[in-house]
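Here's a quick briefing to read with the viewer open. Have a look at the fold first, then work down the bullets.

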Amino acid sequence: MAWLLLFLAGLFECGWAIGLKYTDGFTRLVPTTLTAISMIVSVVLLGIAVKTLPIGTAYAIWTGIGSVGTVLLGIWLLGDAASAPRLLCISMIVAGIAGLKATA
């Protein structure tokens with residue numbers, strides 16, 4: 001269950017990171033509110049997950065999911081560059097996440 005909560009926490013991290021773009025500098029109420037809620041949910045789920053998971057592993061996986069997800073959503077939603085070097089770097093992050101999960 002802790003791994004599922006950690007995964008969900010990572011997804012909410014993607015939500016708030018992408019949400020920052022839509023807040024327009026925290027001047028738009030609905031995107032700002034949704035971004036703040038995503039931040040809180042993400043951190044709360046991480047906090048619950050680390051009750052049973054090693055903190056270093058959980059934090060690295062949480063930030064990894066957030067990083068990879070945010071980059072992919074940036075490409076898909078915001079037109080960020082999808083160059084081969086960027087995608088290679090993303091794949092290395094995914095490999096690191098898988099390695100941490102496998103050794104935890």
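What follows goes from the overall picture to the helix pairs, the core and a few single residues.

Keep in mind that this is a predicted model. The protein has four helices and zero strands, so as you walk from the N terminus the elements simply read α-α-α-α. Its C-alpha atoms fill a box of roughly 40 × 35 × 15 Å along the principal axes.

**Overall numbers**

- Of the 104 residues in the protein, 30% are buried.
- Take the contacts between residues at least 6 apart in sequence: 67% of them join residues at least 24 apart.

**H1 against H2**

- Helix H1 covers residues 2-22 and helix H2 covers residues 29-49; their axes come within 8 Å and cross at roughly 155°.
- Because that angle is over 145 degrees, H1 counts as roughly antiparallel to H2.
- The handedness of this H1 and H2 crossing is left-handed.
- On the H1 side, the contact residues include Ala-2, Leu-5, Leu-6, Ala-9, Phe-12, Trp-16 and Leu-20.
- On the H2 side, they include Pro-31, Thr-35, Met-39, Val-41, Ser-42, Leu-45, Leu-46 and Ile-48.
- Sorted by class, the residues in the contact of H1 with H2 come out as 16 nonpolar, five polar and one charged.
- Glu-13 of H1 is also part of this contact, and so are Gly-15 and Gly-19 of H1.

**H1 against H3**

- The axes of H1 and H3 also come within 8 Å, and here they cross at roughly 45°.
- That crossing makes H1 oblique to H3.
- H1 passes H3 with a right-handed crossing.
- The contact of H1 with H3 holds 16 nonpolar, seven polar and two charged residues.

**The nonpolar core**

- How many residues does the largest nonpolar core have? There are 13, and Leu-6, Leu-46 and Leu-53 have the most contacts inside it.
- H1, H2 and helix H3 (55-78) are the elements that each give two or more residues to this core.
- As background, nonpolar side chains tend to be buried together in soluble globular proteins.
- Leaving out residues up to four places away in sequence, Leu-46 touches Leu-6, Ala-9, Ala-58, Tyr-59 and Trp-62.

**Ala-9, on the inside**

- Ala-9 is placed in helix H1.
- Is Ala-9 buried or exposed? With a relative accessible area of 0%, Ala-9 is buried, because the cut-off for buried is under 20%.
- Once neighbours within four places in sequence are set aside, Ala-9 is in contact with Ser-42, Leu-45, Leu-46 and Trp-62.
- Ala-9 and Asp-24 sit 15 residues apart in sequence, and their C-alpha atoms are 24 Å apart in space.

**The loop between H1 and H2**

- Asp-24 is in the loop between H1 and H2, and Phe-26 is in the loop between H1 and H2 as well.
- Which backbone angle is worth a look at Asp-24? Its phi is positive, about 55°, although Asp-24 is not a glycine.
- Phe-26 is not a glycine either, yet it has a positive phi of about 60°.
- Asp-24 is exposed, with a relative accessible area of 52%.
- Phe-26 is exposed too, and its relative accessible area is 52%; the class follows because exposed means over 50%.
- Phe-26 still has partners beyond its neighbours within four places in sequence: Phe-26 is in contact with Leu-20 and Thr-32.
- Leu-20 belongs to the H1 side of the contact with H2 as well.

**Cys-89, further along the chain**

- Cys-89 is found in helix H4, which spans residues 84-103.
- Its relative accessibility is 40%, so Cys-89 counts as partly exposed.
- Cys-89 and Gly-56 are 33 residues apart along the chain, with 21 Å between their C-alpha atoms.

Methods: Residues numbered from 1 in each chain as written. Predicted model: local features only at pLDDT ≥ 70, side-chain atom pairs only at ≥ 80, totals over all residues. Heavy atoms only, no water. Axes fitted to C-alpha atoms, helices over the stretch in contact; angles between N-to-C directions. Parallel < 35°, antiparallel > 145°, perpendicular 65-115°, else oblique. Left-handed = near helix turned anticlockwise from the far one by under 90°. Contact = heavy atoms within 4.5 Å. Nonpolar A, V, L, I, M, F, W, Y, C, P; charged D, E, K, R; others polar. Core = buried A, V, L, I, M, F, W, Y, C linked by side-chain atoms within 4.5 Å. Buried < 20%, exposed > 50% of the residue type's maximum accessible area, 1.4 Å probe, protein only.
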